[in-house]
Amino acid sequence: MCGIVGYIGKRNSQEILLEGLKKLEYRGYDSAGVAVFTADGLQIKKAKGRIANLESKLEETPLQGSVGIGHTRWATHGKPSDVNSHPHTDNSLKFSVVHNGIIENYITLKEELTAKGHNFVSETDTEVISHLIADLYEGDILKAVQKAVTHMTGAFALGVLTEYEPDRLVAVRQASPLIIGIGEGENFIGSDIPAILEYTRNVFILNDGEMALLTRDGVELMTLEGNFISREMFHVDWDIITAEKAGYDHFMLKEIYDQPKAYRDTMGSRISTDGSAVTLNELVLSAEAIRNISRIHIVACGTAYHAGMVGKYVIEKLARIPVETDVASEYRYRSPIITKDTLVIVVSQSGETADTLAALREAKHQGAHVLAITNVVGSSVAREADDVITTWAGLEIAVASTKGYTSQLIAFYLLGLHLAQTLGTQSAVEIKEAITALRELPAQVEEILGQAEAIKVVAEEMAKHDNLFFIGRGLDYAVALEGSLKLKEISYIHSEAYPAGELKHGTLALIEDDIPVIALATQHELQEKTVSNIKEVKARGANVLGIAVEGERELQKSVDSTFLIPKTLDVLSPALAVIPLQLLSYYASLARGNDVDKPRNLAKSVTVE
Ligand code: M6R
């Protein structure tokens, strides 16, 4: 949700800021802007829409200067427009601020500042920050920012410049992510590592309530109260290539094809060499603590929530522990029953989703042990949880999550088996059988990816429709929800996912001639029931695509077309069945001429509640 970048060094900052913003565009793309110290003072350029629009403006009239800040916006307060774009400034135009987050008390602050004579030009909450800092400035920008933050409530990652002190850049983190990149004679700020990775691999990850003063020659880290802190530098060991499309047309397609590797890497050394046991050595959670777990809550948002739904089936089936799943934005407000014997699992690809983070904090506050499943080492979720299972999917850039989701499924399979081993709820033979099947998944995904052309043909046909349904039972329903979200998110086709048996309780009224229905039927025990539900929609004119397992004959007779996934254990089938659905969404989005990687109204990292 909004991307921030900042540079102080000897090079021309415009290029560095623009390149950084391009790497952060996945966080928001409603508008973009930069502020640079030039020979004529602090100059600001902004443009509504994609970064390319800002780039064109800067090509016409470049900004020369070696210190600057930049921002790519996902609109919260005020519509996307030039004037609502960041950086924001005060009336003297001497102060400039980029902000990620929400200032919850901005109306009160705005009224107070207006009464003091400040004039506001935008509808944003951010503009109050630049006015507030200007109001409090007494010759030291660091002190002015420190004073300003004591007046602000909400979430804010900030980059602040003032023309009065052109050799200083101030950065603040409070409930919105921010990292500091350390270079030679130059330093950087960024909302995320890719923004600065081209220039340095050494970063400081700021914690909430911390700030930094950057000059060309150094960085001082301190609390918002000004107490200096020392922090170990984090060395980024992944490659810049991970942040590139590597020859694919879109990040989403690359990330779909990254999945076999993501599965292998996430399993990694977590399976014993003889394939008889899962070894989650990284867990603090002891065998005794596992035996004491009375219930598990899985909490997440969006696609990660759908992974959590699969996780519930997996854990209940393998380890026989009762599991509830909750959408993170609802969790805190329903007074969940959390005891010290509750294990709360939060799932977040980015590790920065505001609602998930808030749920984590609430669970910890109430005494639960919190286990995070996340893809980003050093993210807020990873740092605040008691335990972490890292998914090794590599950087995910497309807004639509693909390898993030499937690597979360692998993490749940590993966790489910780990719990089952500890509790003795599965025999050694069953565990070994599951591990063998788990290890076959990457090659089976490759097999499915080899049939992408066939899925493309189906997708192009589906792209002509405005409404579509997904149905499935049990684990197939969980996958149906994910398939439906993916399709809506990037193709803008209205779709709904239903438990197959539930349709006749109302939604069946929407089934009419030729409407596409995607029926998932990979669960052997539920097969006959699902076939009955398929017949119900077929009888009302639906055109049904069945997703089933190789060798399946009955279902094929009841549907109009079928896509077969390789044979695996029923419990593992989501890790295969979702692949054709991801491809379907991708090609449907493409056929409709949409921006696959940057769907309208969305952003990759949702850091506001
Ligand atoms: O980073 P997170 O896993 O916490 O993100 C959660 C959701 O915002 C995310 O999964 C979202 O639903 C995706 N855009 C779906 O593709």
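Two strands are taken to pair if DSSP finds at least two bridges between them. The legends below describe a predicted model.

**Figure 1. Pairing of strands E12 and E13 in the predicted model.** Strand E12 (residues 210-214) and E13 run antiparallel and are joined by five bridges. Within this pair, Ala212 stands opposite Leu221 in E13. The two strands belong to an open sheet of six strands, ordered E5-E6-E7-E8-E12-E13 with antiparallel pairing. The edges of the sheet are E5 and strand E13 (219-223), each of which pairs on one side only.

**Figure 2. Helices H4 and H5 against the six-stranded sheet.** Helix H4 (residues 127-136) packs on the sheet and touches E5, strand E6 (95-103) and strand E7 (154-162). The direction of H4 makes about 130° with that of E6. Helix H5 (residues 141-151) lies across E6, E7, E8, E12 and E13. With respect to E8, H5 runs at about 20°.

**Figure 3. Salt bridge between Arg11 and Glu186.** The side chains of the two residues meet at 2.6 Å, N to O. Arg11 is located in the loop between strand E1 (3-8) and helix H1 (13-24), and Glu186 in the loop between E9 and strand E10 (187-190), so the pair ties together parts that are 175 residues apart in sequence. Arg11 is partly exposed, with a relative accessible area of 38%, whereas Glu186 is buried, at 9%.

**Figure 4. Salt bridge between Lys116 and Asp135.** The closest N and O atoms of this pair are 2.7 Å apart. Lys116 lies in the loop between helix H3 (106-115) and H4, and Asp135 lies in helix H4, so the contact ties together parts 19 residues apart in sequence. Lys116 is exposed, with a relative accessible area of 56%; Asp135 is partly exposed, with 28%.

**Figure 5. Salt bridge between Arg592 and Asp466, with a further salt-bridge network.** In the pair, the closest N and O atoms are 3.0 Å apart. Arg592 belongs to the segment after helix H19 (574-591) and Asp466 to the loop between helix H15 (452-462) and strand E20 (467-472), so parts that are 126 residues apart in sequence are tied together. Arg592 counts as partly exposed at 28% relative accessibility, while Asp466 is exposed, with a relative accessible area of 52%. Elsewhere, Asp140, Lys143, Glu165 and Arg168 are joined into one network by salt bridges that share partners. A search of the whole structure finds 34 salt bridges.

**Figure 6. Backbone features in three loops.** A cis peptide bond, with omega about 0°, joins His86 and Pro87. Pro87 is placed in the loop between strand E4 (67-73) and strand E5 (88-89). Ala175, a residue other than glycine, has a positive phi near 65° and lies in the loop between strand E8 (169-174) and strand E9 (179-182). Its relative accessibility is 27%, so Ala175 counts as partly exposed. Asp514 likewise has a positive phi, near 75°, and is found in the loop between strand E21 (494-499) and strand E22 (516-521). At 42% relative accessibility, Asp514 counts as partly exposed.

Technical notes:
Residues numbered from 1 in each chain as written. Predicted model: local features only at pLDDT ≥ 70, side-chain atom pairs only at ≥ 80, totals over all residues. Heavy atoms only, no water. Helix = DSSP H or I, 4+ residues; strand = E, 2+ residues; numbered from the N terminus. Buried < 20%, exposed > 50% of the residue type's maximum accessible area, 1.4 Å probe, protein only. Contact = heavy atoms within 4.5 Å. Axes fitted to C-alpha atoms, helices over the stretch in contact; angles between N-to-C directions. Salt bridge = Lys/Arg side-chain N within 4 Å of Asp/Glu carboxyl O.
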